Amino acid sequence: AAKMPMSGAIRGMKQDILTKVHLAIECKFRESTSFQEWYKQAMEGRNIGDTRIPIVVWRKNQMKTKYVYLDWYDFLNILVYAYASGWPDKDLTANV
């Protein structure tokens with residue numbers, strides 16, 4: 001994964017993080033939260049017909065813990081794919 005230059009301002013590549021994983025990631029480092037607004041940004045950052053899962057990653061400034069906001073059914077789909085890939089018995093980060 002790599003940070004997008006210009007914070008996703010390039011046409012056709014609006015997500016904040018470019019990754020091989022099928023996710024549209026919107027990153028926010030703020031003191032206050034606006035999860036629904038940020039989630040809408042992640043949704044709008046996808047191209048027409050794009051099926052990437054929109055996700056918001058958030059943390060407060062000066063805080064190490066990060067939190068993820070996503071649709072419940074998308075979360076379940078991620079778990080299904082992880083399980084089908086051998087998780088929890090297989091280390092899924094081995095090839096990352």
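K28 is a buried residue in this predicted model, with a relative accessible area of 8%. Because buried means under 20% relative accessible area, the lysine falls within that class at 8%. You will find K28 in strand 3, which runs over residues 23-29. What does K28 touch once its neighbours within four places in sequence are set aside? The contacts are W38, Q41, V56, V57, W58 and R59. Several of these names will come back as we go, so K28 is a handy place to start.

K28 also has a charged partner. Side chains of opposite charge can pair when their charged atoms come close. Here K28 forms a salt bridge with E26, and the closest N and O atoms are 3.2 Å apart. E26 counts as buried too, at 8% relative accessibility. How many salt bridges does a search of the whole structure find? The answer is one.

Let us stay in strand 3 for a moment and look at I25, which lies there as well. I25 is buried, with a relative accessible area of 13%. If you trace the chain from I25 to R52, you cross 27 residues in sequence, while the C-alpha to C-alpha distance in space is 9.1 Å. For the protein as a whole, residues 24 or more positions apart account for 39% of the contacts with a separation of 6 or more.

Now to R59, one of the contacts of K28. R59 lies over the face of F29, and its distance from the ring centre is 4.3 Å.

Another contact of K28 is W58, and this residue leads us to the aromatic rings. A pair of aromatic rings is described by the distance of the centres and the angle of the planes. A search of the whole structure finds six aromatic pairs. One of them joins W58 and Y67, with 5.7 Å centre to centre and 35° between the planes, a tilted arrangement. The pair is called tilted because its 35° angle is neither under 30 degrees, which would count as stacked, nor over 60, which would count as edge-to-face. Are the two partners buried or exposed? W58 is buried, with a relative accessible area of 8%, whereas Y67 is partly exposed, at 41%.

A further tilted pair is made by W72 and F75, with 5.6 Å between the centres and 35° between the planes. W72 and F75 are three residues apart in helix 2 (residues 72-84), so about one helical turn separates them. W72 counts as exposed, at 54% relative accessibility, and F75 is partly exposed, with a relative accessible area of 34%.

Some of the rings also belong together as a group. F35, W38, Y39, W58, Y67 and Y69 form one aromatic cluster. Two members of this cluster, W38 and W58, are among the contacts of K28.

From here we can move to the surface. W72, which is found in helix 2, contributes to a nonpolar surface patch of about 630 Å². The other residues in this patch are Y73, F75, L76, L79 and W87. Overall, the protein exposes about 7400 Å², and carbon and sulfur atoms supply 57% of that area.

Two backbone details deserve a look while you have the model open. What is the peptide bond from W87 to P88, cis or trans? The bond is cis, with omega near 10°, and P88 has its place in the segment after helix 2. W87 itself is also part of the nonpolar patch. The other detail concerns Q62, a residue other than glycine whose phi is positive, near 65°. Q62 is found in the loop between strand 4 (53-59) and strand 5 (67-69). With 81% relative accessibility, Q62 counts as exposed.

Finally, step back to the overall plan. The protein has two helices and five strands, and read along the sequence these follow the pattern β-β-β-α-β-β-α. Of its 96 residues, 25% count as buried. K28, where we began, is one of the residues that count as buried, as are E26, I25 and W58.

Notes
Residues are numbered from 1 along each chain as its sequence is written. This is a predicted model: local features need pLDDT of at least 70, side-chain atom pairs count only at pLDDT 80 or more; totals for chains, interfaces and linings use all residues. Side-chain values use heavy atoms; hydrogens and water are left out. Helices (H or I, at least four residues) and strands (E, at least two) are DSSP runs, numbered from the N terminus. Buried means under 20% relative accessible area, exposed over 50%, partly exposed in between (1.4 Å probe, protein chains only). Contact means heavy atoms within 4.5 Å. Rings of Phe, Tyr and Trp (its six-membered ring) pair if their centres lie within 6.5 Å; planes under 30 degrees apart count as stacked, over 60 as edge-to-face and the rest as tilted. A charge sits over a ring if NZ of Lys or CZ of Arg is within 6 Å of the ring centre and within 35 degrees of the ring normal. A salt bridge is a side-chain nitrogen of Lys or Arg within 4 Å of a carboxyl oxygen of Asp or Glu. Patches are made of residues with over 30% relative accessible area and no salt bridge: like charges are joined within 9 Å, nonpolar side chains (Val, Leu, Ile, Met, Phe, Trp, Tyr) within 5 Å. Accessible areas come from the Shrake-Rupley method with a 1.4 Å probe; for residues, only the protein chains shown count as cover.
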